[in-house]
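Let us walk through this structure step by step, beginning with the ligand and the residues around it, and then turning to the strands.

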Amino acid sequence: MSGRKRIAVLGGTGNLGYGLALRWARAGHEIAIGSRSADRAQEAAGRIGEASGSSDVTGMDNATAAQWGEIVTLTVPWAAHDATLETILPSLHGQVLIDTTVPLKPPRVAVVQLPEGGPVAVRTQALVGDRARVAGAFHNIAAGLLTSGAVIDCDVLVTADDPETRRLVIELAGEAGCRGLDAGPLANSVVPEALTSILIHINRTYRAGHAGIRITGIETCPDEPPSD
Ligand SMILES: NC(=O)c1ccc[n+]([C@@H]2O[C@H](COP(=O)([O-])OP(=O)(O)OC[C@H]3O[C@@H](n4cnc5c(N)ncnc54)[C@H](OP(=O)(O)O)[C@@H]3O)[C@@H](O)[C@H]2O)c1
């Protein structure tokens with residue numbers, strides 16, 4: 001770990017956020033679970049603290065968690081995306097905001113249905129403006145893998161409009177037990193956002209639980225990602 005970070009996980013009471021928070025707590029970061037309800041957040045934080053052995057996991061409402069975090073991770077369903085961002089907008093002050101949102105539209109979640117206007121991550125950056133540097137990541141990692149404690153052999157495609165933000169989130173992906181890969185600018189988030197529906201289809205077709213992706217033909221990430 002290159003440095004201990006304060007990471008807020010909004011929606012960390014749910015599946016993906018819980019798994020990421022657990023992994024990052026185990027890696028030694030300070031974690032704040034965010035929720036619409038501070039009570040629910042504290043309850044989830046207690047479970048994560050117990051499971052990770054960390055005494056640095058706390059729970060608070062989403063806006064307070066976003067204010068506290070150096071890194072803010074958004075893990076809420078697409079239907080709650082814009083409303084959650086509106087809630088935390090005044091709390092953002094230049095942090096990195098990791099958006100994990102896949103624009104699924106139940107019940108047809110195994111069919112790609114991207115929103116008009118482009119990828120969610122691009123929309124997020126437009127909504128927050130210069131209040132945060134947005135990265136898209138973790139769209140293709142099953143929450144169950146993160147919580148299982150298993151070794152994860154899936155890649156995380158990381159997008160952001162500046163290489164420094166991508167580098168930071170690639171490192172955080174590594175600390176969550178995944179291989180993070182530099183996937184270029186936020187506009188490229190359209191691919192991982194769409195891929196999730198295909199993975200859901202594959203899970204159903206092959207009765208798999210945790211289908212993921214692996215990019216072949218590379219050994220390690222470059223030290224200096226190219227500028228876009
Ligand atoms: N689950 C996965 O394996 C997985 C994998 C890759 C990406 N993703 C993406 O990660 C995001 C979170 O997925 P998830 O499965 O973790 O979701 P989830 O468990 O259904 O929900 C996460 C949290 O979001 C909050 N939430 C739920 N509905 C809400 C609403 N209507 N308004 C405001 N907040 C609401 C809840 O927190 P509070 O009630 O405590 O506020 C909930 O605990 C999604 O965008 C999903 O596409 C998930």
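The largest share of the shell around the ligand, three residues, is given by helix H1. What you see is a predicted model, in which local features need pLDDT of at least 70 and side-chain atom pairs count only at pLDDT 80 or more, while totals for chains, interfaces and linings use all residues. Residues are numbered from 1 along each chain as its sequence is written.

In total, 28 residues surround the ligand, and the closest are Gly11, Gly14, Ser35, Ala80 and Val102; a residue counts as near a molecule if its C-beta atom, placed from the backbone, lies within 6 Å of it. The elements that give two or more residues to this shell are helix H1 (15-26) and helix H4 (81-88), where helices (H or I, at least four residues) and strands (E, at least two) are DSSP runs numbered from the N terminus. By character, the shell divides into 13 nonpolar, 13 polar and two charged residues, with Ala, Val, Leu, Ile, Met, Phe, Trp, Tyr, Cys and Pro taken as nonpolar, Asp, Glu, Lys and Arg as charged, and the others, Gly among them, as polar.

Now follow strand S1 (residues 6-10), which is mostly covered, since four of its five residues are buried (20 or more other C-beta atoms within 10 Å of a residue's own, these atoms being placed from the backbone). S1 pairs in the parallel sense with strand S2 (residues 30-35) over five bridges, and pairing requires that DSSP finds at least two bridges between two strands. Within this pair, Ile7 has Ile31 in S2 as its bridge partner.

Conventions. Buried ≥ 20, exposed ≤ 12 C-beta atoms within 10 Å, placed from the backbone.
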